[in-house]
Amino acid sequence: MSRMSTELGVLQNSVYPRIRNWFIGLPERLPYMIGIAGAGKVGAQSALEIASTGLDDISLVDIIPGLAEGEALDISHRLADAGVDVDIKGSSDFAALKGAGLVIIAAGLGRKPGMTRMDLLSKNSVIIASVSKEAAKYAPEATILMVTNPMDAMTYVALKTTGFPKARVVGQGGVLDNSRFKYVLAKKLGVSRSSITSLVMGEHGENMIPVASHTYVSGVPLTSLLTDEEVQQAIDDTRKVAAEVISKKGATIFAPGISVTRMAKAIVNDTKEVLAASTYLEGEYGVSGLCMGVPVRLGKGGVEKIYELKLSDRERDWFNKGADTLREAISSLNLQ
Ligand code: NAI
């Protein structure tokens, strides 16, 4: 942590609780303490990545007794050597989320080899409804960042269960899918990954859209560098690559952790970064009443703006197909 942020941290942790006592109605803690519900592979990796940046203190919660505490200790020891002074706590009590300005939800079942994300729908929707209620109870001012799959449907479940404004419920999928698209393209083109500007939007699932029509290599359109067949191959590879990782090592962990961190940084530091993320649509891209991945501006208010892009006919078809899949998924859920 920089000296300035260390001093702010001290102010936040020691002086603020006392000042708060003088003014009834002030929140228990200044934003942002970061809560993470689910201290499994992705939750713990996200905690490690976020903590390593010194972004803010973290409170990890998991229903398995001792797991969150163990991960918090392990991460704290790892950071001590690096001299990073953020506080990481673990608990099996959701009250530990109290006062969080950002709650990341990575609780629930992950895909096993051969499963699609949508295969997790019914079991994870029950978990996410319960976790979201706890988050709303203990962190009513928080922005929720959904990770659990099927992520777009779970973002919708969290939105409905918490009753939070739509800006404060957002899902991570596009940032990760885009990192995979960049990886695939960089290999195919023989260029640095840093030269690629790209976007993956739509459903975080079988119908994801690596948006080739708006992908550039330092300003040169992708469509002028690859044939239609090569572009389609890159899209297919991007869609399949997570399943390949799961079939080989059982889960995706490191790449999701850094994608979650990027979104957390944009929200906590109010950077206004424009990233693809799942948000509730009300007519944008011709879709209403669903959460889906689109380019958004992220800041301290969560999703501050949705950007509408002109898609090719094929991309628009995929977007609509993703919307149909999600509409069907949501209608199968019994949301109270
Ligand atoms: P994991 O099985 O390692 O961890 C899940 C954790 O959730 C477990 O520790 C479990 O005890 C906990 N949990 C279950 N019910 C809970 C509850 N009610 N309250 C608190 N904690 C609870 O799974 P992993 O690999 O960490 O994946 C988590 C989720 O993230 C999965 O749904 C997976 O598909 C999804 N995922 C999403 C990605 C994305 O880009 N959106 C990328 C990778 C994974």
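The following conversation concerns the ligand site, the internal space and two backbone features of a predicted model.

Student: Which residues are closest to the ligand?

Tutor: In this predicted model, the closest are V42, D62, L109, V147 and Q172, and they belong to a set of 25 residues that surround the ligand.

Student: What does the side chain of K41 do with respect to an oxygen atom of the ligand?

Tutor: An N or O atom in the K41 side chain is 2.9 Å from an oxygen atom of the ligand.

Student: And which backbone atoms lie by an oxygen atom of the ligand?

Tutor: V42 places a backbone N or O atom 2.8 Å from a ligand oxygen. For G108, a backbone N or O atom is 3.1 Å from an oxygen atom of the ligand.

Student: How much of the ligand does the protein bury?

Tutor: The protein buries 88% of the 860 Å² that the ligand exposes when taken alone.

Student: Which elements give two or more residues to the shell around the ligand?

Tutor: These are α2, spanning 41-53, and α4, spanning 121-138. The most comes from α4, which gives 3 residues to the shell.

Student: How do the shell residues divide by chemical class?

Tutor: The shell around the ligand has 14 nonpolar, 9 polar and 2 charged residues.

Student: Moving on to pockets, what is the space taken by the ligand?

Tutor: That space is the largest pocket. The volume of the largest pocket is about 850 Å³. Its lining comprises 39 residues, with V42, A106, G108, L109 and G110 the closest to the centre.

Student: Which elements give two or more residues to that lining?

Tutor: For the largest pocket, they are α2, α4, α6 and α7, the last of which covers 228-249. The largest share of this lining is from α4, with 4 residues.

Student: And the composition of the pocket lining?

Tutor: The lining of the largest pocket divides into 20 nonpolar, 13 polar and 6 charged residues.

Student: How many cavities of 30 Å³ or more does the structure hold?

Tutor: The structure holds 1 such cavity. The largest cavity contains about 40 Å³ of space.

Student: Which residues lie nearest the centre of the largest cavity?

Tutor: G173, G174, G202, H204 and G293 lie nearest the centre, and 13 residues line the largest cavity. By class, this lining has 4 nonpolar, 6 polar and 3 charged residues.

Student: Which elements supply at least two residues each to the cavity lining?

Tutor: They are α5 (151-162), α6 (174-189), β8 (200-201) and β12 (273-282).

Student: Turning to the backbone, is the peptide bond from N149 to P150 cis or trans?

Tutor: The bond from N149 to P150 is cis, with omega near -5 degrees. P150 is located in the loop between β5 (143-146) and α5.

Student: What is the phi of S218, and where does S218 lie?

Tutor: S218 has a positive phi of about 45 degrees, although it is not a glycine. S218 belongs to the loop between β10 (216-217) and β11 (220-221).

Student: Why single out these two features?

Tutor: They are singled out because most residues other than glycine have a negative phi, and most peptide bonds are trans.

Notes: Residues numbered from 1 in each chain as written. Predicted model: local features only at pLDDT ≥ 70, side-chain atom pairs only at ≥ 80, totals over all residues. Heavy atoms only, no water. Near = heavy atom within 4 Å. Polar contact = N/O pair within 3.5 Å; in protein donor to acceptor, adjacent residues only side chain to side chain. Areas by Shrake-Rupley, 256 points an atom, 1.4 Å probe, with all protein chains shown as cover. 1 Å grid on protein atoms, 1.4 Å probe; cavity = no way out; pocket = protein on both sides within 12 Å on 5 of 7 lines; lining within 4 Å. Sits in = over half its atoms within 2 Å of the grid points. Nonpolar A, V, L, I, M, F, W, Y, C, P; charged D, E, K, R; others polar. Points joined across faces, edges and corners; volume = space filled by probe spheres on them.
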